[in-house]
Amino acid sequence: MQKIKLNNGVEMPILGFGVFQANDLDECERSVLDALQVGYRLIDTAASYENEGAVG
């Protein structure tokens, strides 16, 4: 997976998995687990999505 180096030296994957509009919390949790299993390491989320618990 390609990464980009941030100013603080941390490398971040260029491709991420987003959970915007993932309103069904069980489905959101399953989707994030599936994404992690296939290699995603960047999960794009925000408090305004109201699904942080399922992502975590």
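Which residues make up the largest nonpolar core? I started there, in what is a predicted model. The core has six residues: Val 19, Cys 28, Val 32, Tyr 49, Ala 54 and Val 55. I then asked what the helices bring to it. Helix 1 and helix 2 each supply at least two residues of this core.

**Entry: the chain as a whole**

I listed the elements next. I found two helices and four strands. From the N terminus on, they run β-β-β-α-β-α. The C-alpha trace spans about 35 × 25 × 15 Å along its principal axes. I looked up burial for the chain: of its 56 residues, 16% are buried. The exposed area comes to about 4300 Å², with 49% of it supplied by carbon and sulfur atoms. I also checked sequence separation. Among contacts between residues at least 6 apart, 47% join residues at least 24 apart.

**Entry: helix 1**

I went to helix 1, residues 25-37. The helix has 13 residues. From first C-alpha to last it reaches 18 Å, close to the 18 Å expected at 1.5 Å a residue. Its buried residues are Cys 28, Val 32 and Ala 35. Why do I say that they line one face of the helix? Seen down the axis of helix 1, they fall within an arc of 60 degrees, so they line one face.

I turned to the face pointing away from the buried side. Exposed residues Asp 26 and Gln 37 sit on that face. I then looked for what covers the buried residues. The cover includes strand 3 (17-18), strand 4 and helix 2.

I checked both ends of the helix. At the N-terminal end, Asp 24 acts as a cap. A side-chain oxygen of Asp 24 lies 3.1 Å from the backbone nitrogen of Asp 26. Just after helix 1, Gly 39 takes a positive phi of about 120 degrees.

**Entry: Cys 28 and Asn 51**

Cys 28 belongs both to the buried residues of helix 1 and to the core. I listed its contacts, leaving aside neighbours within four places in sequence. Cys 28 is in contact with Val 19, Ala 22, Asn 51, Ala 54 and Val 55.

Asn 51 took me to the loop between strand 4 (43-44) and helix 2 (52-55). Is Asn 51 buried or exposed? Its relative accessibility is 1%, so Asn 51 counts as buried. I followed its side chain, which reaches the backbone oxygen of Ala 22 at 3.3 Å. Beyond four places in sequence, Asn 51 is in contact with Val 19, Ala 22, Leu 25, Cys 28 and Thr 45.

**Entry: positive phi outside glycine**

I scanned for unusual backbone angles. Most residues other than glycine have a negative phi. Gln 21 has a positive phi, near 65 degrees. I placed Gln 21 in the loop between strand 3 and helix 1. With a relative accessible area of 59%, Gln 21 is exposed.

Glu 50 also has a positive phi, near 60 degrees. I found Glu 50 in the loop between strand 4 and helix 2. Glu 50 is exposed, and its relative accessible area is 65%.

**Entry: Tyr 40**

I moved on to Tyr 40, in the loop between helix 1 and strand 4. At 23% relative accessibility, Tyr 40 counts as partly exposed. The cut-off for buried is under 20%. I checked the distance to Leu 15, which is 25 residues away along the chain. Their C-alpha atoms are separated by 7.6 Å. Not counting residues up to four places away in sequence, Tyr 40 touches Met 1, Leu 15, Gly 16, Phe 17 and Ala 35. One of these, Ala 35, is a buried residue of helix 1.

**Entry: Lys 3**

I finished in strand 1 (residues 3-5), where Lys 3 lies. Lys 3 has a relative accessible area of 49% and is partly exposed. How far apart in space are Lys 3 and Pro 13, C-alpha to C-alpha? They are 4.2 Å apart, with their positions 10 residues apart in sequence. I listed the contacts of Lys 3 beyond four places in sequence: Glu 11, Met 12, Pro 13 and Ile 14.

Terms used: Residues numbered from 1 in each chain as written. Predicted model: local features only at pLDDT ≥ 70, side-chain atom pairs only at ≥ 80, totals over all residues. Heavy atoms only, no water. Buried < 20%, exposed > 50% of the residue type's maximum accessible area, 1.4 Å probe, protein only. Polar contact = N/O pair within 3.5 Å; in protein donor to acceptor, adjacent residues only side chain to side chain. Contact = heavy atoms within 4.5 Å. Expected span 1.5 Å × (residues − 1). Arc of directions from axis to C-beta. Areas by Shrake-Rupley, 256 points an atom, 1.4 Å probe, with all protein chains shown as cover. Core = buried A, V, L, I, M, F, W, Y, C linked by side-chain atoms within 4.5 Å.
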